[in-house]
Amino acid sequence: MAPKFLQLLLVLSFQLHLSFSGQLSVMESVPDLQSSMYVTLDGYPCVRLLNLSGEIGCSNPGREKVVAPIIRLKNSNELSQLSAVLLSVDDIEIFFARILNDTAFGRNVAGVLVESGPESQNKLKGFSPALKFPQSDFAPYRSINYEWNPIGSGIMWNTYNFPVFLLSQSSTLTLQKAALNNEKNKKSYTADVAEFDLVMQTMKAGTHDSESCLKENTCLPLGGYSVWSSLPPINISSSEQSKPIILAVASMDSASFFRDKNLGADSPVSGLIALLAAVDALSKVDSVDDFDKQLVFIVFTGEAWGYLGSRRFLLELDLQSDAVSGLNYSLIETVVEIGSVGKVLNQEAKNFFVHTAGTSSATNETLDALRFAKDSVKSDHINVLSANASNPGIPPSSFMAFLRKNSLTSGVVLEDFDTAFTNKFYHSHLDDLSNINSSGIVAAASLVARTLYILASGNKNISSSALTSINVNDSLVEELMGCLLDCEPGLSCELVKNYITPANTCPSNYVGVILDEPSSTPYIGYVSDISRFVWNFLAEKTSISKENATSVCSQDCNNEGKACIRAETDGKGVCVVSTTRYVPAYSTRLKFESGSWIVLPPNNSDPMGLLDAVWTESNWNTIGLRVYTVQNASFDNVVLLGSIAITVLAYLAIVITRAFLTKALKRD
């Protein structure tokens with residue numbers, strides 16, 4: 001009651017305040033007062049993730065908010081008290097390494113605030129919080145100590161029982177001023193503090209692994225929806241589906257230390273954009289119905305967390321579920337995966353590297369097709385080279401899941417590196433639009449489109465004119481980059497809004513969590529913006545033109561062989577003939593039953609399932625970060641003692657005065 005009464009008095013005292021300009025500033029409510037006292041900051045949190053053996057990521061240490069004075073790391077190598085540490089990106093790795101090795105130092109870390117700034121990439125030699133061999137457990141070879149990512153620190157795979165936020169540029173300036181104020185006013189009675197609200201439900205409930213948190217409903221499984229489509233559409237009703245399948249693969253999700261600052265521009269979104277541009281180019285070819293082989297495009301999600309998308313896709317093929325109706329695993333002749341291709345033209349050599357696993361006739365055909373396609377591009381700036389024979393095998397990629405299922409699977413992985421990643425910001429928030437260039441993606445899309453055309457045509461005598469007619473739309477690549485890798489225009493760009501109504505403007509390529517029961521026809525509210533856009537884009541580009549192609553979607557548009565695109569934009573949509581499907585992407589060791597998730601026991605017949613960590617993300621109520629000024633506790637004690645002294649003195653004065661007056665009155 002007392003605090004509310006005090007707030008009311010403060011509101012009344014501030015309600016009429018005449019500024020120096022002569023204008024009247026009015027504070028009309030308690031929220032107005034609070035907004036003047038507290039500054040809410042924009043930031044991107046590191047959150048708590050769990051698996052079967054434990055947890056990683058960040059969380060408040062208990063059930064309450066954390067409040068601590070802000071200090072700049074460079075101004076204080078030793079922490080004398082619990083502090084909110086403000087540090088630059090180039091100090092992150094050293095700082096977190098010290099926390100792990102110096103427990104006394106770590107005990108005084110209340111929270112961490114990481115600065116943002118323009119052109120951060122130019123100031124750094126590199127920053128990758130991932131491991132030196134990401135997801136080495138799934139490698140189809142034994143050399144798991146190989147360093148594909150030499151600068152990887154692995155800090156995102158540790159557990160931190162304190163909150164960590166990446167600040168926006170505006171919030172960085174606010175906290176730099178706060179830290180400077182605290183440095184200047186060390187002897188004053190006030191301090192600027194940061195208040196962290198990053199209370200994770202798994203921490204509150206004491207559920208510190210995936211199995212226990214799923215039982216207690218304090219977490220949800222990582223996952224989402226992959227998308228596949230065929231060109232031309234597959235006649236599902238036909239009993240004869242014997243065409244060999246050329247499977248073109250890309251990924252849409254990345255990982256980062258900070259959950260919502262997760263673009264993965266080079267790794268892997270440059271490959272996704274190249275694939276979408278290649279599909280667009282192939283959609284304009286008139287002879288797709290004459291292909292000897294079936295082109296199938298698939299964009300996986302969840303690949304950054306144990307290849308959730310590709311492994312679930314392979315399991316669905318084994319189960320012959322509705323999500324993969326029309327596909328047959330035995331018909332997959334070769335896999336063509338487009339990996340990181342956004343930095344090719346940043347290199348002096350300007351080379352694409354083709355990574356293979358062993359030799360086979362299908363692999364050799366793919367290599368020949370790539371070289372033929374490269375020659376047709378007629379560019380002195382582009383080379384297609386085989387990866388170094390000293391490599392232990394293919395780099396981290398979805399193709400690993402196919403090889404773990406069947407080591408004889410033919411395929412190639414197209415990358416912008418040879419023996420190690422050229423992306424110095426792999427799985428980092430700094431792998432953004434400035435880390436790639438459109439020219440490399442256009443070149444990769446041209447190579448892929450023409451290679452797929454050659455392979456689907458059965459390596460017939462293909463005229464050079466047929467290949468040169470397959471051209472990638474440069475402006476489409478530029479537009480896709482702006483839509484998928486930037487906030488301006490971001491997902492509010494015309495291309496995306498032509499297909500869907502995005503829930504967010506700024507894209508994030510974090511896989512997220514899977515909600516409700518997985519389905520091949522999910523409720524679109526449970527499907528990410530990126531997945532829905534990719535589904536609509538592929539459905540349109542691979543569709544057959546029919547007289548009713550512009551007709552409004554009706555009930556029968558949900559039948560096999562048809563797809564309703566753009567339904568979100570006007571509520572009506574357009575019905576097209578297209579074989580485009582969602583495929584749930586989540587752990588193969590999870591089952592949704594009676595409204596909850598169950599962890600299945602390991603199956604010895606599924607070697608990849610034995611390695612499945614079963615990743616989950618903790619639930620939370622709110623996440624917030626704000627800064628405000630507080631009085632020093634010692635000053636509060638001085639004020640308290642002073643108040644008590646004044647009260648005692650006042651009492652004594654009253655007693656003495658009263659006695660004196662009484663005596664004087666008696667004398668009179």
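A disulfide, as I shall use the word this morning, is a pair of cysteine sulfur atoms within 2.5 Å. On that criterion, the structure before you holds 6 disulfides. I should say at once that this is a predicted model, and that every value I quote has been computed from it.

Let me begin with the overall picture. The protein chain has 668 residues, of which 52% are buried. Its secondary structure consists of 20 helices and 27 strands. Taken along the principal axes, the C-alpha atoms fill a box of roughly 130 × 55 × 55 Å. If we consider contacts between residues at least 6 apart in sequence, 78% of them join residues at least 24 apart.

Turning to the surface, the chain exposes about 30,500 Å², and carbon and sulfur atoms supply 51% of that area. As for charge, there are 50 positive and 67 negative side chains, with the centres of the two sets 8 Å apart.

I return now to the disulfides. How are the bonded cysteines paired when they are numbered in sequence order? The pattern is 1-2, 3-4, 5-7, 6-8, 9-11, 10-12. I shall take three of the links in turn.

The pair Cys483 and Cys493 has its sulfur atoms 1.9 Å apart. This link is right-handed, with 120° about the S-S bond. Cys483 belongs to helix α15, residues 474-485, while Cys493 sits in the loop between α15 and α16, the latter being residues 494-497; the disulfide therefore ties together parts that are 10 residues apart in sequence. Are these two cysteines buried or exposed? Both Cys483 and Cys493 are buried.

Next come Cys487 and Cys506, with a sulfur-to-sulfur distance of 2.0 Å. The torsion about their S-S bond is about 130°, so this disulfide is right-handed. It links distant parts of the chain, 19 residues apart: Cys487 is in the loop between α15 and α16, and Cys506 in the loop between α16 and α17, which spans 529-541. Why do we class Cys487 as partly exposed? The class runs from 20% to 50% relative accessible area, and Cys487 qualifies because its relative accessibility is 32%. Cys506 counts as partly exposed as well, because its value is 39%.

The third link joins Cys553 to Cys564, S to S 1.9 Å. It is right-handed, with 105° about the S-S bond. Here Cys553 is in the loop between α17 and β21, and Cys564 is in strand β21 itself, residues 562-565, so to speak 11 residues along. Cys553 and Cys564 are both buried.

I should also like to draw attention to one residue away from the cysteines. Thr301 lies in the loop between β16, residues 294-300, and α10, residues 308-319. Its relative accessibility is 4%, and it therefore counts as buried. Which residues does Thr301 contact, leaving aside its neighbours within four places in sequence? They are Gly224, Tyr225, Ser226, Met252, Asp253, Leu308, Gly309, Val511 and Ala585.

Finally, the record. An unreviewed UniProt entry lists residues 638-661 as "transmembrane region". In the model, that stretch is 100% helix and 0% strand. The end C-alpha atoms of residues 638-661 are 34 Å apart.

That concludes my remarks, and I welcome your questions.

Methods:
Residues are numbered from 1 along each chain as its sequence is written. This is a predicted model: local features need pLDDT of at least 70, side-chain atom pairs count only at pLDDT 80 or more; totals for chains, interfaces and linings use all residues. Side-chain values use heavy atoms; hydrogens and water are left out. Helices (H or I, at least four residues) and strands (E, at least two) are DSSP runs, numbered from the N terminus. Buried means under 20% relative accessible area, exposed over 50%, partly exposed in between (1.4 Å probe, protein chains only). Contact means heavy atoms within 4.5 Å. Accessible areas come from the Shrake-Rupley method with a 1.4 Å probe; for residues, only the protein chains shown count as cover. Lys and Arg count as positive and Asp and Glu as negative; His and the chain ends are not counted. The place of a charge is taken as NZ of Lys, CZ of Arg, CG of Asp or CD of Glu. UniProt positions are given in the numbering used here, feature names are shortened, and annotations may be inferred rather than shown by experiment.
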